[in-house]
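Subject: Structure handover

Hello,

Here is the structure I promised to pass on. Please open it next to this message; my notes follow below.

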Amino acid sequence: MIKDVIYRCIGNDFDEGIMACGYMPKPTARSSQHNFIIGYYSCFILLSGSGTYSDDSGSIPLRPGCFVQRIPGRIHTTAVQPDGQWLEFFISFGKSVYQYMHHLKLLPKAPVSLGGFNITDRDFTDDLLFKLKHAGEAELPFLLSDLTKAVLTLSQPEVHSGNHKKSPSYIIEEAKKILDSDLQAQIALPEIAEQLHISYESFRKQFTHFTGMSPGSYRRRQRLRQAALMLRSGMSVKETAALTGYADTYAFTREFKKAMDITPGKYKKDNIYPFKS
C-alpha cells in the first residue's frame with residue numbers, strides 16, 4: 001500500500017483554506033495519533049485494517065467501512081492496529097465549511113459511523129484525488145463542492161450503496177472481512193450484525209447457510225489458522241496464545257488440540273503438519 005495524498009490551500013489561513021485528500025497507509029503503531037487536535041475538519045473511510053477511535057465520550061473499535069470524523073478543536077486518539085493492513089482515504093477542508101454542513105445537519109452526529117464505500121469502489125476516490133492534484137489555483141474554490149459531495153457520499157450508505165450491498169453474498173463477504181481482522185480482539189457478534197444493518201438472528205442463519213459454520217466457529221478457525229502460522233514461524237505457545245486472543249495457554253491448547261488432534265507444543269516441535277480445513 002502506497003501513500004498517495006495531496007494538500008492544497010485557498011489563501012493563507014490553513015485551518016480555513018485547507019483542501020486535501022488521499023490514500024494514507026499506517027503500517028505501525030507509531031502511525032497512531034494520540035491526544036490529537038486540529039483546527040480544520042478532516043474525515044476518513046477505513047478501507048482495510050483495524051484500530052480504535054477514542055475521545056472524552058469513550059472508545060470505538062474501527063474496522064473496514066467505518067467513517068471517522070475529526071471535528072475541529074476536539075481532542076481525540078486514533079490507535080492503529082500495527083499489522084500493516086491499515087489504509088484510509090481521507091478528506092479535509094476548512095472549519096467554516098464544516099460548520100455550515102454541521103448546521104444543516106448534513107453530517108453524522110457520531111464521530112464514528114458505518115460509511116457507504118469500500119476498496120472496490122476506488123474510481124470515485126481516485127477521480128477526486130486526480131482533480132485536486134491537477135487543479136489550478138483559480139479552480140480550487142470550485143472543487144470545494146466536490147470535496148463536500150464526496151464526504152456526503154462516504155458518510156451515508158444509502159447515497160452510495162447499490163442493491164448488491166443488501167444481498168446475502170455481499171453481507172457474508174463483509175462479515176468475513178470483519179471476522180478475519182484483528183484476531184487478538186474479542187468481537188461481539190451482534191455488533192457485526194448491527195454494522196451490516198441486519199438482525200443478529202438473520203445474520204447468524206445466513207452466515208451458517210453460506211459458509212457451513214456459525215460466525216463464532218468461523219472466527220475460531222481463523223484464529224487457529226493464524227496460530228498455526230505463528231507456531232511454524234518459531235513463536236512460543238504462550239506468545240501465540242496471547243496474540244490470537246486466548247485468555248491463557250490452557251484454553252488455547254485445549255482448542256488447538258480439538259481442531260488439530262495434536263497439541264500446539266508438538267505441532268511446533270514437529271513443524272510438518274498442515275492446518276486441517
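Take the contacts in the chain between residues at least 6 apart in sequence: 67% of them join residues at least 24 apart. Keep in mind that this is a predicted model. The chain has 277 residues, and 45% of them count as buried. Its C-alpha atoms fill a box of roughly 70 × 40 × 35 Å, taken along the principal axes. There are 12 helices and 10 strands.

The six-stranded sheet

One open sheet is built from 6 strands, in the order S1-S2-S9-S4-S7-S10. The pairing is antiparallel. Strand S1 (4-9) and strand S10 (112-114) are at the edges. Each has a single partner strand, so one side of each has no neighbour in the sheet. Neighbouring strands here are turned by 15° against each other on average, direction ignored.

Look inside this sheet at S2 (residues 18-25) and S9 (residues 87-93). They run antiparallel and are joined by 7 bridges. One pair to find on screen: Pro-25 has Leu-87 of S9 as its bridge partner.

The helices on that sheet

Two helices go with these strands. Helix H3 (residues 122-134) lies across S1, S2 and S9. Its direction is at about 135° to S2. Helix H4 (residues 140-155) also packs on the sheet. H4 touches S1, S2, strand S4 (41-48), strand S7 (66-70), S9 and S10. The direction of H4 makes about 135° with that of S9.

How do H3 and H4 sit against each other? Their axes come within 11 Å and cross at roughly 160°. Angles over 145 degrees count as roughly antiparallel, so that is what H3 is to H4. The crossing is left-handed. On the H3 side, the contact is made by Phe-124, Leu-128, Lys-131 and Leu-132. On the H4 side, the residues include Leu-140, Leu-143, Leu-147 and Leu-154. Asp-146, Ala-150 and Thr-153 of H4 take part too.

The four-stranded sheet

Another open sheet has 4 strands, in the order S3-S8-S5-S6. Its pairing is antiparallel. Strand S3 (33-36) and strand S6 (58-62) stand at the edges. Each of these has a single partner strand, so one side of each is left without a neighbour in the sheet. The twist averages 15° from one strand to the next. Within this sheet, S5 (residues 51-55) and S8 (residues 76-80) pair in the antiparallel sense over 4 bridges. Ser-54 stands opposite Thr-77 in S8.

Cysteines

How many disulfides does a search of the whole structure find? It finds 0. Why is Cys-9 not bonded to Cys-21? The sulfur of Cys-21 is the closest cysteine sulfur to that of Cys-9, but it is 14 Å away, too far for a bond. The cut-off for a disulfide is 2.5 Å between the sulfur atoms. Cys-43 is in no disulfide either. Its nearest cysteine sulfur is also that of Cys-21, at 10 Å.

Are these residues buried or exposed? Cys-43 is buried, at 1% relative accessibility. Cys-9 has 23% relative accessibility and counts as partly exposed.

A buried isoleucine

Ile-172 lies in helix H6 (residues 168-180). Its relative accessible area is 4%, so Ile-172 counts as buried. What does Ile-172 contact, leaving aside its neighbours within four places in sequence? The partners are Gln-206, Phe-207, Phe-210 and Thr-211. Phe-44 is 128 residues from Ile-172 along the chain, and their C-alpha atoms are separated by 24 Å.

Two loop residues with positive phi

His-197 is in the loop between helix H7 (189-195) and helix H8 (200-211). Its phi is near 55°, a positive value in a residue other than glycine. His-197 counts as exposed, at 61% relative accessibility.

Asp-261 is in the loop between helix H11 (249-260) and helix H12 (264-270). Asp-261 is not a glycine, yet its phi is positive, at about 60°. With a relative accessible area of 59%, Asp-261 is exposed.

Best wishes

Technical notes. Residues numbered from 1 in each chain as written. Predicted model: local features only at pLDDT ≥ 70, side-chain atom pairs only at ≥ 80, totals over all residues. Heavy atoms only, no water. Buried < 20%, exposed > 50% of the residue type's maximum accessible area, 1.4 Å probe, protein only. Pairing = 2+ DSSP bridges. Axes fitted to C-alpha atoms, helices over the stretch in contact; angles between N-to-C directions. Contact = heavy atoms within 4.5 Å. Parallel < 35°, antiparallel > 145°, perpendicular 65-115°, else oblique. Left-handed = near helix turned anticlockwise from the far one by under 90°.
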